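Please work through the following exercises with the sequence and the structure at hand. Each task is followed by a solution in steps.

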Amino acid sequence: MSPATPTPTLTGNRGLHIEEPLIFEQGHPDKCGVDLPEPADKPDRLGGLARSGPIGLPGLSEPEVVRHYTRLSQKNYAIDSGFYPLGSCTMKHNPRLNERLARLPGFADLHPFQPEATVQGALAVMHRLSAWLLGLTGMEAVALSPGAGAHGELCGMQAIRAALDARGDDGRRVVLVPDSAHGTNPATAALCGFRVRGIPGDARGRVDLAAFKAALDDGVAGVMLTNPNTCGLFETDILALSEAVHAAGAYFYLDGANFNAIVGRVKIADLGVDAMHINLHKTFSTPHGGGGPGAGPTVLSPALAPFAPLPYVVHDGAGYRLVEHVEGNARPFGRMKGFHGQFGVFVRALAYIMSMGRDGLHRASGDAVLNANYLLARLGEALTPSFEGPCMHEALFDDRFLKGTGVSTLDFAKAMLDEGFHPMTMYFPLVVHGAMLMEPTETESRDSLDAFCDAVLALAAKAKAGDAAFFTHAPRHTPRRRLDETRAARHPVLRWEPPAPTRAAE
Ligand SMILES: *Cc1c(COP(=O)(O)O)cnc(C)c1O
């Protein structure tokens, strides 16, 4: 056995990290967690459709079930268990106050088909959240229903399509997407039937304005730009970009997933934006990333507002009303969801916004930028920052500092796992080699940032000292070590198959 491999235990458990078989492997179909009396022999009312044999559901006792799910939950790294500097993800603390409010029975126990008169409070929450989102962005209308950031992009691009169709402009088939864009941007444009044309970045990590202007013609429907961009930088030419887009008769989509860096400081409408999604689950807290659902409300300019999808909430003399059908001059392009959106996320986001207040949100974006620059300054001494100057909410490094060490960005990230830190975003954005993108958010204390920096600096020193094996054998202490990620992606095993003898008995 190689010295890099820790001694296996007799059970396969490692300390209190317990190997957890699937619930199907643990349970027995003939076991039941509760004692129920045998049913009296009454004729069934299933018209002969009663099951003729067992269906093989696993039977376990209540404590076995509780342990199974508790152990599974412990395998899920979360912002509640440690520092989570995943770039472009805004993994910030989710205040427990939000959870408390979302669990109030008047919110948690609603049914989407309840009569309007009985859900006035819930509609008021949606109306008030809409007002905050419009106030913070200066935009004209908001669609609350998109279920995540990518779904919000779909909403905005559908509104752009509808606006082009309404003016009879069907020759515009191209959407410009900068090379540093999040992968969801080109995917969304393609899903809406547009052709994607990439725009290169310049040496400062921003969109190349000259290349951008050269690509604009009357075949362009719109542009999808992220600001601050995925290099963690503010697009300083954004006004010139939006003017050029509009002069060419196209629409300006802003990917607002990184709104956390500028909320309370930049009025989105002033940038000439036509549509932008807001990731409630990033900027306005609420658990995500395996911890909960998202919500991607999309704000629209006056040019796109008439095409906003159904439903939306209005308030008039009779109270709050959910508009489900075409009314007045509106020309909704359709619906994004069966019901009204991720209501539980709306409650959490509104609770967060109202407990912070306008001044608190302004302070939070300032602290988010400060924390990222703290990482950039401390780590910049040993790692290689990709671009000059201060960053916004996230700090981007590349792998030049690992040159000649035999250690890759991936190896470095695996060694961070052993040290108890969730790695940063790796190999994204694609515009720099071996990217390491770190977003600390405003909710980390200086002590937790220092603990992280100390660990990363110690690892960088070890790599530069020539101890490549330390990295290439990492992680050593995690429940699983290096996985065959390509195989997992190409041949995912999504279904449990019973072992042969059980199947034969069915
Ligand atoms: C997170 C993110 C998205 C996608 O948001 P989801 O809620 O994950 O769909 C899009 N763009 C950027 C820049 C992001 O960071």
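**Exercise 1.** Determine whether Leu 22 counts as buried, partly exposed or exposed, and state where Leu 22 lies.

*Solution.* Step 1: the model is a predicted one. The relative accessibility of Leu 22 in this model is 42%. Step 2: buried means under 20% and exposed means over 50%, with partly exposed in between. Leu 22 therefore counts as partly exposed. Step 3: along the chain, Leu 22 belongs to the segment before helix 1 (23-26). Step 4: Leu 22 also contributes to a nonpolar surface patch of about 380 Å², together with Phe 24, Ile 55 and Leu 57.

**Exercise 2.** Describe how domain 1 and domain 2 are placed and what the contact between them consists of.

*Solution.* Step 1: the domain assignment places domain 1 at 97-354 and domain 2 at 394-490. Step 2: their C-alpha centres are 33 Å apart. Step 3: domain 1 supplies 11 residues to the contact, and domain 2 supplies seven residues. Step 4: the size of an interface is often given as the accessible area lost when the parts come together. Here the buried area is about 700 Å², with 53% of this area given by carbon and sulfur atoms. Step 5: on the side of domain 1, the residues that lose the most area to domain 2 are Thr 230, Cys 231 and Asn 260, which together give 53% of what that side buries. Step 6: a search for salt bridges across the interface of domain 1 and domain 2 finds zero.

**Exercise 3.** Locate the cis peptide bonds that precede Pro 429 and Pro 475.

*Solution.* Step 1: most residues other than glycine have a negative phi, and most peptide bonds are trans. Step 2: the bond from Phe 428 to Pro 429 is cis, its omega being near 0°. Pro 429 sits in the loop that runs between strand 12 (425-426) and strand 13 (436-438). Step 3: the bond from Ala 474 to Pro 475 is likewise cis, with omega near 0°. The loop between helix 14 (468-472) and helix 15 (485-490) holds Pro 475.

**Exercise 4.** Examine phi in Thr 90 and Ser 285, and decide whether each residue counts as buried or exposed.

*Solution.* Step 1: Thr 90 is not a glycine, yet its phi is positive, at about 45°. Thr 90 is part of the loop between helix 2 (62-74) and helix 3 (96-102). Step 2: because its relative accessibility is 0%, Thr 90 counts as buried. Step 3: Ser 285, also a residue other than glycine, has a positive phi near 55°. Ser 285 falls in the loop between helix 10 (280-283) and strand 7 (298-300). Step 4: with a relative accessibility of 0%, Ser 285 counts as buried.

**Exercise 5.** State how many salt bridges are counted, and analyse the pair formed by Glu 485 and Lys 414.

*Solution.* Step 1: side chains of opposite charge can pair when their charged atoms come close. Step 2: the count of salt bridges is 22. Step 3: Glu 485 and Lys 414 form one through their side chains, at 3.4 Å from N to O. Because Glu 485 lies in helix 15 and Lys 414 in helix 12 (residues 409-418), the pair ties together parts that are 71 residues apart in sequence. Step 4: Glu 485 is partly exposed at 48% relative accessibility, whereas Lys 414 counts as buried at 15%.

**Exercise 6.** Describe two further salt bridges, that of Glu 327 with Arg 321 and that of Lys 462 with Asp 467, and name the residues of one network.

*Solution.* Step 1: the side chains of Glu 327 and Arg 321 meet at 3.0 Å, N to O. Glu 327 is partly exposed at 35% relative accessibility, and Arg 321 is partly exposed at 26%. Step 2: for the side chains of Lys 462 and Asp 467, the N to O value is 3.4 Å. Lys 462 is partly exposed at 30%, and Asp 467 is partly exposed at 29%. Step 3: Arg 378, Arg 446, Asp 450 and Asp 454 are joined into one network by salt bridges that share partners.

**Exercise 7.** Characterise the surroundings of Thr 226.

*Solution.* Step 1: Thr 226 is in strand 4 (residues 220-226). Step 2: its relative accessibility is 6%, so Thr 226 counts as buried. Step 3: leaving aside residues up to four places away in sequence, Thr 226 touches Asn 185, Glu 235, Leu 254, Asp 255 and Asn 258.

Key. Residues are numbered from 1 along each chain as its sequence is written. This is a predicted model: local features need pLDDT of at least 70, side-chain atom pairs count only at pLDDT 80 or more; totals for chains, interfaces and linings use all residues. Side-chain values use heavy atoms; hydrogens and water are left out. Patches are made of residues with over 30% relative accessible area and no salt bridge: like charges are joined within 9 Å, nonpolar side chains (Val, Leu, Ile, Met, Phe, Trp, Tyr) within 5 Å. Accessible areas come from the Shrake-Rupley method with a 1.4 Å probe; for residues, only the protein chains shown count as cover. A salt bridge is a side-chain nitrogen of Lys or Arg within 4 Å of a carboxyl oxygen of Asp or Glu. Helices (H or I, at least four residues) and strands (E, at least two) are DSSP runs, numbered from the N terminus. Buried means under 20% relative accessible area, exposed over 50%, partly exposed in between (1.4 Å probe, protein chains only). Domain bounds come from an automatic or database domain assignment. Contact means heavy atoms within 4.5 Å. Buried area is the accessible area (1.4 Å probe) that two parts lose on being put together, summed over both.
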